[in-house]
Amino acid sequence: MEAVVRPVAALLHGLGEGVEALAPILGRSAFQRHLRHLGELGVDRVVVPVPGESVPAGLSARLRTQADAVGWTGQLEVRSAGTAPEAAGLTPSAPVLTLTADAVFDPRLYRAVAAAGGVAWVADRNPADEGMVAVGLRITGVDGSSLGALAARAEATGDVRGDAPGGERDRLVLIPEMDAYLPHLRRTLRPYWVRLDSAGARARAGHHLLDATQKGVLDIPARFLHPPVENLLVRWFAPGPVTPNQITVFTGVIGFAVAWLFARGDYAPGLALALLVNVLDGVDGKLARVKLLASRFGDLLDHTLDVSFEFAWYLGLGWGLAGGDPTGAPFRTAVGLIALMLGTRGISGVYKRITGRQIHDHRAFDRAFRLVAGRRNIYVMVLLVGVMVGSVGASFRLCLLWAAATLGVYVLRTLGEATRTAGGGGPR
């Protein structure tokens, strides 16, 4: 387990008039993002040094308002940059995390510098001369004559290797050498950082924030067709008051309306709404992450509604195709499809217990198979073709066969990994 240095406070410098640091990017400012990620490290005190002998009128209240909007309940102080660290309650015996206010950092960078231990820089490769340049995020000891002098040390330019204690390499968090794989996104993503110091910087920051919400291993529709529309909707919703949970509930209502249409035999309008549901299903999670509103309740609500209305779709299709006869073959197809999907979920859990990895992205075959594995998005596409050719019943039966094939592949993969592990290969 990583040994994390818990800074007693963070020094958020360079805020100045706060124009860039306090302006929203996808619904949240750089300042608010700093507070959220500092809170995740256990930092409950933030000191903001500002130029001049006095604090600008209204700045403290403005910062507090932004802090309250993201649930920051820690101590927040605005002081003159000329204040001595000791007067601000910062002592040499305690580490302090210093960071640039008008910048957007990948959440992994905060954790990485805390895990480095002691005084540590976060540095990236300088494309101009191949040297390592500080990104404006570091843990330091309190050894400056003022808050401004202490903050200035994190603003080093050029090669920073000589500034680490004794030039020790393990005190530099080098972004090019960090593990870029994100298990929860099932993809590789280089840690990002953007200084908000140019006209295009805000656009780049928004791009990085949105890109960091996109999962990498998905079925064909979710991987290639949905993201452009999802991202457009997230950019539209982010500045406004609509919450991710509201979108989740709205998506659920439409989802159950689809089941009702299927049960009535209105397959074309039902599938049109199903396509909308499949797109909206990716919007709430992305919006929650970019607006710092992700929660356990939201995740539980999303997954509960997803499973509920999806199974209702298949039962509705079976009911409609069977003419309301629960003993008819189409309704039995619906029950069989749900049973196979539950079996797939179960075997996926077994696979993870055996290997420690998700079956979707463990090996190259798994990542390729995930593109076409039986899932809701794939079944909607199959059913859409069925409507277009006038054979919904046949396409529904094809979904059942697709689900059976998917379960079969997962069972074989699980048995193969179990055999390899039992033979001494071990999970990896």
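These are my notebook entries on a predicted model of one protein chain.

**Entry 1. Overall look**

I started with the whole chain. I found 13 helices and 13 strands in it. Its C-alpha trace spans about 80 × 55 × 35 Å along the principal axes. Of the 428 residues, 50% are buried. I then looked at contacts between residues with a separation of 6 or more. Residues 24 or more positions apart account for 74% of those contacts.

**Entry 2. The sheet**

Next I traced a sheet. I counted 7 strands, and the sheet is open. The strand order reads E5-E4-E1-E6-E9-E8-E10, with mixed pairing. Which strands sit at the edges? I noted strand E5 (75–80) and strand E10 (172–174), each of which pairs on one side only. On average, neighbouring strands are turned by 25° against each other, direction ignored.

At the E10 edge I checked the pairing. Strand E8 (residues 120–125) runs parallel with E10, and 3 bridges join the two. I picked out alanine 123, whose bridge partner in E10 is leucine 174.

I then asked what packs on this sheet. Helix H1 (residues 30–40) does, and it touches strand E1 (9–13), strand E4 (45–50), E5 and strand E6 (96–100). The direction of H1 makes about 155° with that of E6. Helix H3 (residues 107–116) also packs on the sheet, touching E6, E8, strand E9 (132–140) and E10. I read about 65° between the direction of H3 and that of E9.

**Entry 3. Strand E1**

I went back to E1 for a closer look. How many of its residues are buried? I found that 5 of its 5 are, and I logged E1 as mostly covered. In a regular strand, side chains alternate between the two faces of the sheet. I checked each side of E1 with that in mind. Ala9, Leu11 and His13 are on one side, Ala10 and Leu12 are on the other, and all are buried. Both faces of E1 are covered.

E1 has a partner on either side in the strand order, E4 and E6. With E6 it runs parallel, joined by 5 bridges. With E4 the sense is also parallel, over 2 bridges. I used alanine 10 as my marker here. It stands opposite leucine 97 in E6. It also stands opposite valine 46 in E4.

**Entry 4. Helices H7 and H8, and proline 244**

I moved on to the helices. Helix H7 (residues 244–264) and helix H8 (residues 267–290) have their axes 9 Å apart, at an angle of about 165°. H7 and H8 are therefore roughly antiparallel. Their crossing is left-handed. I sorted the residues of this contact by class and got 18 nonpolar, 4 polar and 2 charged.

Proline 244 caught my eye in H7. Is it buried or exposed? Its relative accessibility is 6%, so I count proline 244 as buried, the cut-off being under 20%. I listed its contacts, leaving aside neighbours within four places in sequence. Proline 244 touches Asp284, Leu287, Ala288 and Leu293. I also took one distance. Valine 234 lies 10 residues from proline 244 in sequence, and their C-alpha atoms are 9.8 Å apart.

**Entry 5. Helix H12 against H8**

I followed H8 to its contact with H12. The two pack at an angle of about 155°, with axes 10 Å apart. H8 and H12 are therefore roughly antiparallel, and I noted a left-handed crossing. From H8 the contact takes in Tyr267, Ala268, Leu271, Ala274, Leu275, Asn278 and Asp281. From H12 I listed Arg376, Asn377, Val380, Met381, Leu383, Leu384 and Val387. By class that gives 10 nonpolar, 2 polar and 2 charged residues.

**Entry 6. Helix H12 against H9**

Last, I looked at H12 with another helix. Helix H9 (residues 296–321) and helix H12 (residues 376–389) have axes that come within 12 Å and cross at roughly 25°. H9 and H12 are therefore roughly parallel. This crossing is left-handed. H9 contributes Asp306, Phe309, Glu310, Trp313, Tyr314 and Leu317, and H12 contributes Arg376, Tyr379, Val380 and Leu383. I tallied 7 nonpolar and 3 charged residues, with no polar ones. I marked Arg376, Val380 and Leu383 of H12, since they appear in the lists for both H8 and H9.

Terms used. Residues are numbered from 1 along each chain as its sequence is written. This is a predicted model: local features need pLDDT of at least 70, side-chain atom pairs count only at pLDDT 80 or more; totals for chains, interfaces and linings use all residues. Side-chain values use heavy atoms; hydrogens and water are left out. Axes are lines fitted to C-alpha atoms, for helices over the stretch in contact, and angles run from 0 to 180 degrees between N-to-C directions. Helices (H or I, at least four residues) and strands (E, at least two) are DSSP runs, numbered from the N terminus. Angles under 35 degrees count as roughly parallel, over 145 as roughly antiparallel, 65 to 115 as roughly perpendicular and the rest as oblique. A crossing is left-handed if the near helix is turned anticlockwise from the far one by less than a right angle, and right-handed if clockwise. Contact means heavy atoms within 4.5 Å. Ala, Val, Leu, Ile, Met, Phe, Trp, Tyr, Cys and Pro count as nonpolar, Asp, Glu, Lys and Arg as charged, and the others, Gly among them, as polar. Two strands pair if DSSP finds at least two bridges between them. Buried means under 20% relative accessible area, exposed over 50%, partly exposed in between (1.4 Å probe, protein chains only).
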